[in-house]
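Visitor: Got a minute to walk through a structure with me? I'd like to jump around a bit.
Guide: Fine. Here it is.

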Amino acid sequence: MPSLRVLLSAQQIQTRIGEMGAEIDRDYPGGEPVYLIGVLKGACIFLADLARAMKTPARLEFIGIASYGKGKTSSGQVQLTKDLDVPIEAHHVILVEDIVDTGITLTYLAKLMAQRKPKSLRIATLLDKPERRQSPVKVDYVGFQIPDEFVVGYGLDYAEDYRSLNDVCVLGK
């Protein structure tokens, strides 16, 4: 059984998400709803907590992308596995990711969403590993910058395991 080392506690995560919700509220003061588009599966827990932390009305949508498979590194290939159920043209949109690593997936998604002509498009991520970036991507709302370690928990998985952990943990050997 691999070892787990807590990198970010559940309390740290919830505190930061509250701050991120307040940042989003400041950026969208008009009361118009914002589409939070969660990238499945990893972002679902973060998306739910972020939506509850916001006063701005949120509409939840999901998009599915595959780039990891069952390994610990991105394959570099991005595949759309589930598209949006609604049009986003002329709506405010925030893409919600669990982690920004190479930036390849988010570059693909940002281009795809921009083609659909939203009123605005921003990106929120719980975790950011800037030293791993291969494709430049502007992230508007960052929960935490973390070192280049493989992490699980709070929605992040390894071969579909560990998503339900309340903390973000480094997966050891």
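Visitor: Let's start with A114. Which element is A114 in?
Guide: A114 is found in helix 3. Before we go further, note that this is a predicted model.

Visitor: Is A114 buried, partly exposed or exposed?
Guide: A114 counts as partly exposed, because its relative accessibility is 46%.

Visitor: What is the separation between the C-alpha atoms of A114 and I88?
Guide: The two C-alpha atoms are separated by 9.7 Å, while the residues are 26 apart along the chain.

Visitor: And helix 3, which strands does it lie across?
Guide: Helix 3, residues 104-114, lies across strand 2, strand 3, strand 4, strand 5 and strand 6. Its direction runs at about 170° to strand 5.

Visitor: Back up to the sheet, then. How many strands, and in what order?
Guide: The open sheet has 6 strands in the order 4-3-2-5-6-7, and the pairing is mixed. Strand 4 (79-82) and strand 7 (141-145) are the edge strands, each pairing on one side only. From one strand to the next, the twist averages 30°.

Visitor: How do strand 2 and strand 5 run, parallel or antiparallel?
Guide: Strand 2 (residues 34-40) and strand 5 (residues 92-100) run parallel, joined by 5 bridges. V34 stands opposite H92 in strand 5.

Visitor: What packs on the sheet besides that?
Guide: Helix 2, residues 44-53, packs on the sheet and touches strand 2, strand 3 (58-66), strand 5 and strand 6 (120-128). The direction of helix 2 makes about 165° with that of strand 3.

Visitor: Which residues of helix 2 are buried?
Guide: F46, L47, D49, L50 and A51 are buried in helix 2. The cover over the buried residues of helix 2 includes helix 1 (10-27), along with strand 2, strand 3, strand 5 and strand 6.

Visitor: You mentioned H92. Buried or exposed?
Guide: H92, which lies in strand 5, counts as buried because its relative accessibility is 13%.

Visitor: What does the side chain of H92 make a polar contact with?
Guide: The side chain of S120, at 2.6 Å.

Visitor: And which residues does H92 touch, leaving out those up to four places away in sequence?
Guide: H92 touches Y28, E32, P33, V34, Y35, K119 and S120. So V34, the residue opposite H92 in the strand pairing, is among the contacts, and so is S120, the polar partner.

Visitor: New topic: cysteines. How many disulfides does a search of the whole structure find?
Guide: The search finds 0 disulfides.

Visitor: Why is C44 without a bond to C169?
Guide: The closest cysteine sulfur to that of C44 is in C169, 17 Å away, and that is too far for a bond. The cut-off for a disulfide is 2.5 Å between the sulfur atoms.

Visitor: How accessible are C44 and C169?
Guide: C44 has 33% relative accessibility, so C44 counts as partly exposed. C169 counts as buried, at 5%.

Visitor: Aromatics next. How many pairs does the search find?
Guide: The search of the whole structure finds 1 aromatic pair. The rings belong to F150 and Y158, with centres 5.8 Å apart and planes at 85°, so the pair is edge-to-face.

Visitor: Are F150 and Y158 buried or exposed?
Guide: F150 is buried, with a relative accessible area of 16%. Y158 counts as partly exposed, at 28% relative accessibility.

Visitor: Now the backbone. Which peptide bond is cis?
Guide: The bond from L40 to K41 is cis, with omega near -5°. K41 sits in the loop between strand 2 and helix 2.

Visitor: What about phi at E160 and Y162?
Guide: E160 has a positive phi of about 75° although it is not a glycine. For Y162, also a residue other than glycine, phi is positive and near 80°.

Visitor: Where are E160 and Y162?
Guide: E160 is in the loop between strand 8 (151-152) and strand 9 (168-171). Y162 is likewise in the loop between strand 8 and strand 9.

Visitor: And their accessibility: what are the values for E160 and Y162?
Guide: E160 is partly exposed, with a relative accessible area of 42%. Y162 is buried, with a relative accessible area of 17%.

Key
Residues are numbered from 1 along each chain as its sequence is written. This is a predicted model: local features need pLDDT of at least 70, side-chain atom pairs count only at pLDDT 80 or more; totals for chains, interfaces and linings use all residues. Side-chain values use heavy atoms; hydrogens and water are left out. Two strands pair if DSSP finds at least two bridges between them. Helices (H or I, at least four residues) and strands (E, at least two) are DSSP runs, numbered from the N terminus. Axes are lines fitted to C-alpha atoms, for helices over the stretch in contact, and angles run from 0 to 180 degrees between N-to-C directions. Contact means heavy atoms within 4.5 Å. Rings of Phe, Tyr and Trp (its six-membered ring) pair if their centres lie within 6.5 Å; planes under 30 degrees apart count as stacked, over 60 as edge-to-face and the rest as tilted. Buried means under 20% relative accessible area, exposed over 50%, partly exposed in between (1.4 Å probe, protein chains only). A polar contact is a pair of N or O atoms within 3.5 Å; within protein, one must be able to donate a hydrogen and the other to accept it, and residues adjacent in sequence count only if both atoms are side-chain atoms.
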